[in-house]
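Visitor: Before we look at the model, could you take me through it by setting each term against its definition?
Guide: Gladly, and we can begin with the spaces inside the protein.

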Amino acid sequence: MISARKPDPTILIIFGAGGDLAWRKIIPALYNLFLDGWLPDNFEIIGLDLKTFSNEKFKKRLKEGIDNFSRSGKAKLEDWKKFAASVSYQKADFTSVESFKKLSHRLNEIEKKWGVSANRIFYMAIPPSFIETIAKQLGKSHIAKDKNRARIVVEKPFGHDFVSARNLNRIICDIFDECQVYRIDHYLGKETVQNMMAFRFANALFEPIWNRNYIEHVQITVAEQVGVEHRGGYYDHAGALRDMIQNHLLQLICLIAMEPPVSFNADEVRNKKVDVLRAIRKYSKEKVNNYVVRGQYSEGWMEGKHVTGYRNEPGVDPKSVTETFTAIKFFIDNWRWQNVPFYVRTGKRLPERTSVITIQFRPVPHRAFPVESIESWQHNRLIINIQPEMSIRLSFQAKKPGLKMIMNPVDMVFSYKDAYNSNPPEAYETLILDTMLGDATLFMRGDQVEAAWEVVMPILNVWQVSSSEDIPNYAAGTWGPEEAEALVARDGNNWLISPAISNETKKKKSK
Ligand code: BG6
């Protein structure tokens, strides 16, 4: 996250190299790191999968992935050739000792050629059910025994609930030291999410008001327009709470709510985040329904196109009660945040794609202005747009130019596009580079994942036994079920969408 040096010689071993994640995210990210000069001179990618590919066919597929998904566009032939020279494929059965012997042989061969011991990064781009098998094989074959150089990267979902996550941690930590394990939450690699640390801890301006005395409430919306796409089989066993809140949204809460770290040492930062997770109030089963809303989308209209309901998506049980939308009112029981609601919501098939955090400040203690001078009155707000717009807005009251004292809200805007005019790295670029550098600050530590599961377990436990007959309860293309509106309306609030989004929507509608 912080270092500007290039990594040491590295061999990146991708388990599941024939899958979607490697195709869409990992390889395009590596390619961009290569283009931007971040890869070490001694660098090698070994793809492993059950599928049968020749080296050439494997590389052809990877190039297609880059052409389709890389932020830098289609690969130029010359660049691609240089990059592809360090890529190879090995067909592997992850249960077979032989496959790991062969891999071991290849790793030794490469290191011998380079004349150094390289970083060996074992990337689990595979369904969670394979993690245990592969971790054990890595242990038995001794190819990951150098604790300073061997690292294992694990994707989410990390466990299905608290118990399975703890078991998975035990299995992995039997073989690896915690400092070798890089659990990915890709939200933490997003440029705008990383900037939240800079914003909070590199500026003196906001810290004095960053607490319950000045902040009235916090809202986090992570809205997606897409449905479950081709992932119905996975999603139907997960749902929005497991898929988004347990990881991405709780991590955003941590960044907003954490105490200032003493240093940017990985453990120091993660300790402060774990403190937040532990302080989040856990609701008793009688109270869960007062603070949590679930929803599922039925058919509807998205930007003029008819879309199917969740239960008709491929891979989904036609009677599924899995939630595709969740809204929760959280509280953080500590001195800084006591009684400040943190409203979070996330869902699929919502009207806009937007991830936005709004900090709403308390109102002025006394309005001295006459009623007629207030055209529109709004609390001061800080709006952190994570995506698609990347910006921070500070919204405050201003006098409208003219002979009368009339006020309305205006925004002071920091836009990444205007300030930097650059094409920022994708989350996976940052995270893969950090893995190569051995910087785990932006990765989930074992206890952090478990603490996050502990926050959502009371809700999952209630949902597991209570019926949800009203599901599906929101039409695709709407902002979720009415109960989600009621959740905030009970406190006299409403869900806020960023002015950036409202402007976009207005533009689209006027076309
Ligand atoms: C993933 C979830 O972790 O995040 C997906 O599994 C979701 O369901 C995705 O669509 C959202 O990520 P992003 O970066 O597009 O906001």
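Guide: In this predicted model, the second largest cavity is lined by Arg-281, Lys-282, Tyr-283, Val-288, Phe-330, Val-455, Pro-458 and Ile-459.

Visitor: What makes these residues count as the lining of the second largest cavity?
Guide: A lining residue has an atom within 4 Å of a point of the cavity, and Arg-281, Phe-330 and Ile-459 are among the residues listed on that basis. The largest share of this lining, three residues, comes from H14.

Visitor: How many residues of each class does that lining have?
Guide: The lining of the second largest cavity has six nonpolar residues, no polar ones and two charged ones. Tyr and Pro count as nonpolar under the classes used, and therefore Tyr-283 and Pro-458 belong with the nonpolar residues of this lining.

Visitor: Why is this space called a cavity, rather than a pocket?
Guide: A cavity is a set of points where a 1.4 Å probe fits but cannot get out, whereas a pocket is an open set. The second largest cavity has a volume of about 30 Å³, and the structure holds two cavities of 30 Å³ or more.

Visitor: What is the volume of the largest cavity, and which residues are closest to its centre?
Guide: The largest cavity has a volume of about 130 Å³, and of the 15 residues that line it, Lys-156, Phe-158, Ile-184, Gln-246 and Asn-247 are the closest to its centre. Helix H9 (240-257) and helix H14 (446-465) are the elements that give two or more residues to this lining, and the largest share, three residues, comes from H9. By class, the lining of the largest cavity divides into seven nonpolar, three polar and five charged residues.

Visitor: Which residues surround the ligand?
Guide: The ligand is surrounded by Lys-156, His-186, Tyr-187, Lys-190, Glu-224, Arg-231, Asp-243, Met-244, His-248, Lys-348, Arg-353 and Gln-387. H9 again gives the largest share, three residues of the shell, and by class the shell has two nonpolar, three polar and seven charged residues.

Visitor: How do you know that Lys-156, His-248 and Lys-348 make polar contacts with the ligand?
Guide: The cut-off for a polar contact is a pair of N or O atoms within 3.5 Å. A polar side-chain atom of Lys-156 lies 2.8 Å from an oxygen atom of the ligand, an N or O atom in the side chain of His-248 is 2.7 Å from a ligand oxygen, and a polar side-chain atom of Lys-348 lies 2.9 Å from an oxygen atom of the ligand. Each pair falls within the cut-off, and therefore each is a polar contact. The protein covers 82% of the 400 Å² of accessible area that the ligand has on its own.

Visitor: Which peptide bonds at Lys-156 and Gln-387 are cis, and where do their prolines lie?
Guide: A cis peptide bond with omega of about 5° joins Lys-156 and Pro-157, and Pro-157 has its place in the loop between strand E5 (150-154) and helix H6 (162-175). The bond from Gln-387 to Pro-388 is also cis, with omega near -5°, and Pro-388 lies in the loop between strand E15 (381-387) and strand E16 (391-399).

Visitor: What makes the protein as compact as a globular protein of its length?
Guide: The protein has 16 helices and 18 strands. Its radius of gyration is 24 Å, close to the 24 Å that the globule rule gives for 511 residues, so the protein is as compact as a globular protein of that length.

Methods. Residues numbered from 1 in each chain as written. Predicted model: local features only at pLDDT ≥ 70, side-chain atom pairs only at ≥ 80, totals over all residues. Heavy atoms only, no water. 1 Å grid on protein atoms, 1.4 Å probe; cavity = no way out; pocket = protein on both sides within 12 Å on 5 of 7 lines; lining within 4 Å. Points joined across faces, edges and corners; volume = space filled by probe spheres on them. Helix = DSSP H or I, 4+ residues; strand = E, 2+ residues; numbered from the N terminus. Near = heavy atom within 4 Å. Polar contact = N/O pair within 3.5 Å; in protein donor to acceptor, adjacent residues only side chain to side chain. Areas by Shrake-Rupley, 256 points an atom, 1.4 Å probe, with all protein chains shown as cover. Rg over C-alpha atoms; globule rule 2.2 N^0.38 Å.
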